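Biologist: Could you take me through the largest pocket in this one? I'd like a close look at what lines the pocket, and at the strands that go with that lining.

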Amino acid sequence: MKTKPIPEYFKEHLIYRDGKLYWSLPLTKNGKEGEEISVSLDSYGYHHTRIHGENYRVHRIVWFL
């Protein structure tokens, strides 16, 4: 997976709490405020999520926040 910059607007839309990511303001029509973000494992064992058609590793989002 190629490393890509984390968009600035993630700071407004995501919350890291208790070891998990939650929506503060949904970016997608499927997300709801306060709902946990869907996360899965990639082939390298990293947790990742898909937002706006792009895969992001969760640890990078957490570090960014």
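Modeller: Sure. Sorted by character, the lining of the largest pocket comes out as four nonpolar, seven polar and three charged residues. Bear in mind that this is a predicted model. The space in that pocket is about 150 Å³, and 14 residues line it, with W23, I37, S38, T49 and R50 the closest to the centre.

Where does the lining come from? Strand β4, residues 47-51, gives the most, putting in four residues. So let's stay with β4 for a bit. It belongs to an open sheet of three strands, ordered β3-β4-β5 and paired antiparallel. The edges of that sheet are β3 and β5 (54-57), each of which pairs on one side only. On the β3 side, two bridges join β3 to β4, and these two strands run antiparallel. If you want a residue pair to look at there, try S40, whose bridge partner in β4 is H48.

How far can you trust all this? Across the protein the mean pLDDT is 86, and 94% of the residues reach 70 or more. Element by element, strand β3 (residues 40-41) has the highest mean pLDDT, at 94, while helix α1 (residues 10-13) has the lowest, at 88. That puts the highest value on β3, an edge strand that is bridged to β4, the strand that gives the most to the pocket lining.

Key: Residues are numbered from 1 along each chain as its sequence is written. This is a predicted model: local features need pLDDT of at least 70, side-chain atom pairs count only at pLDDT 80 or more; totals for chains, interfaces and linings use all residues. Side-chain values use heavy atoms; hydrogens and water are left out. On a 1 Å grid over the protein atoms alone, a cavity is a set of points where a 1.4 Å probe fits but cannot get out, and a pocket is an open set with protein on both sides within 12 Å along at least five of seven lines; lining residues have an atom within 4 Å of a point. Grid points are joined across faces, edges and corners, and a volume is the space filled by probe spheres set on the points. Ala, Val, Leu, Ile, Met, Phe, Trp, Tyr, Cys and Pro count as nonpolar, Asp, Glu, Lys and Arg as charged, and the others, Gly among them, as polar. pLDDT is the predictor's confidence in each residue, from 0 to 100. Two strands pair if DSSP finds at least two bridges between them.
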